[in-house]
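Let's work through a few exercises together, one step at a time. Keep the viewer open and try each task before you read its solution.

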Amino acid sequence: MSTIDSMPTVNQTASALVSAGATVIRVEDLHKYYDLGETRVHALRGVSIVIGQGEFVAIMGASGSGKSTFMNMLGCLDRPSSGRYLLEGIDASQHDKRALALIRNQKIGFVFQGFNLLARTTALENTALPTMYTKIDKAERSKRAAEALAMVGLADRAQHFPSQMSGGQQQRVAVARALVNHPSILLADEPTGNLDSRTSVEIMEIFQNLNDKGLTIVLVTHELDIAQFAKRVLVFRDGKIRKDDAVVNRPKAAEVLKTLPTLED
Ligand SMILES: Nc1ncnc2c1ncn2[C@@H]1O[C@H](COP(=O)(O)OP(=O)(O)O)[C@@H](O)[C@H]1O
Ligand SMILES: [Mg+2]
């Protein structure tokens, strides 16, 4: 943990950043219990936070500190036990499963550690999957999927299957899939957890480019080097936010890549 505490950060700047953009996420006193028969796990213990449009937030913290539970709440994959969650002003804590699925499909792009691509399905078709639940027609779906693949630098891999791509390329397809419905926010839970360090920085380059275009991003990582590419770092401990700091002297992933050896070296 000493590495997190020694990170150069300025506390006031975090709240200044928040007030810069319109509020995308507002969480108020969120609690989550998991009931396991006899025992009960109190995974989130009163989390409150505001995240503005255009922010890029990294979440760190020890294993079991509640990061994934929190991301699942933000992503409308699960509901809090108590507290409020407003996503662009919509109270997600008040909706049932079906309504949450709709909100999720329209507003949220999710990227996981495992790429979760369909094996017998091309990059283009994998990317297009979330559009199946929308009303847009087939031609428009393919067009959007192709655009999303281009955004992650994979325009020339549209007809490849997952087995024909590297881990980094597969994760880029997963990012394209997360972007295809033009979400308000991109949520990524340890997206570089299965990738080597250079490939991880390549993913962060894509995230920084998307964020520069205005996309709001929340990312979980246990690597300080990766968190530094974000603009703001939260540290979870025992189901609570213990630190909330702006990153100073944020590196540009594109610059860092120039200093890293390529796979061929
Ligand atoms: N589906 C679940 N059922 C029961 N307990 C869970 C479940 N998911 C997480 N937990 C517990 O909640 C706590 C927080 O877990 P999690 O959010 O996964 O932490 P992190 O992502 O920071 O490692 C842990 O004690 C974990 O064991
Ligand atoms: Mg986790």
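## Exercise 1: The chain as a whole

Contacts between residues 24 or more positions apart make up 71% of the chain's contacts with a separation of 6 or more. This is a predicted model, so we will look at its confidence later on.

**Task.** Work out how the size of the chain compares with the globule rule.

**Solution.**
- Step 1: Take an inventory. The chain has 10 helices and 11 strands.
- Step 2: Compare the radii. The radius of gyration is 18 Å, close to the 18 Å that the globule rule gives for 265 residues, so the chain is as compact as a globular protein of that length.
- Step 3: Picture the outline. Along the principal axes, the C-alpha atoms fill a box of roughly 45 × 45 × 40 Å.
- Step 4: Check the interior. Of the 265 residues, 41% count as buried.

## Exercise 2: Around ligand 1

**Task.** Find which element gives the most residues to the shell around ligand 1.

**Solution.**
- Step 1: Collect the shell. Ligand 1 is surrounded by Tyr34, Leu36, Val41, Ala43, Gly61, Ser63, Gly64, Ser65, Gly66, Lys67, Ser68 and Thr69.
- Step 2: Look for elements that give two or more of these residues. They are β2 (23-36), β3 (39-52) and α3 (67-74).
- Step 3: Pick the top contributor. It is α3, with three residues.
- Step 4: Sort the shell by character. Four residues are nonpolar, seven are polar and one is charged.

## Exercise 3: Helix α3

**Task.** Decide whether α3 is largely enclosed or largely open.

**Solution.**
- Step 1: List the buried residues of α3. They are Lys67, Ser68, Thr69, Phe70, Met71, Met73 and Leu74.
- Step 2: Draw the conclusion. Seven of the eight residues of α3 are buried, so this helix is largely enclosed by the rest of the structure.
- Step 3: Look just past the helix. Cysteine 76 follows α3 and has a positive phi, near 55°.

## Exercise 4: Strands side by side

**Task.** Identify the edge strands of the open four-stranded sheet.

**Solution.**
- Step 1: Read the order. It is β3-β2-β5-β6, with antiparallel pairing.
- Step 2: Find the strands that pair on one side only. These are β3 and β6 (90-91), the edge strands.
- Step 3: Zoom in on one pair. Strand β5 (residues 82-87) meets β6 over two bridges in the antiparallel sense, and leucine 86 stands opposite aspartate 91 in β6.
- Step 4: Turn to a parallel pair. Four bridges join β7 to β8, with valine 111 opposite alanine 188 in β8.
- Step 5: Follow the side chains of β7 (residues 108-111). Ile108 and Phe110 point one way, Gly109 and Val111 point the other way, and all are buried.

## Exercise 5: Valine 180

**Task.** Is valine 180 buried or exposed?

**Solution.**
- Step 1: Locate the residue. Valine 180 lies in the loop between α7 (167-179) and β8 (185-189).
- Step 2: Count its neighbours. There are 24 other C-beta atoms within 10 Å, and a buried residue needs 20 or more.
- Step 3: Conclude that valine 180 is buried.
- Step 4: Name some partners. Among the residues that valine 180 touches are Thr127, Pro130, Arg144 and Ala148.

## Exercise 6: Confidence

**Task.** Locate a stretch where pLDDT stays under 50.

**Solution.**
- Step 1: Start with the average. The chain averages a pLDDT of 91, and 91% of the residues score at least 70.
- Step 2: Find the weak stretch. pLDDT stays under 50 over residues 7-19.
- Step 3: Apply the reading rule. Where pLDDT is low, the predicted coordinates should not be read in detail.

Note on methods:
Residues numbered from 1 in each chain as written. Chains lettered and ligands numbered in written order. Predicted model: local features only at pLDDT ≥ 70, side-chain atom pairs only at ≥ 80, totals over all residues. Near = placed C-beta within 6 Å. Nonpolar A, V, L, I, M, F, W, Y, C, P; charged D, E, K, R; others polar. Pairing = 2+ DSSP bridges. Buried ≥ 20, exposed ≤ 12 C-beta atoms within 10 Å, placed from the backbone. Contact = placed C-beta atoms within 7 Å. Rg over C-alpha atoms; globule rule 2.2 N^0.38 Å. pLDDT = per-residue confidence, 0-100. Lists of a residue's contacts leave out its neighbours within four places in sequence.
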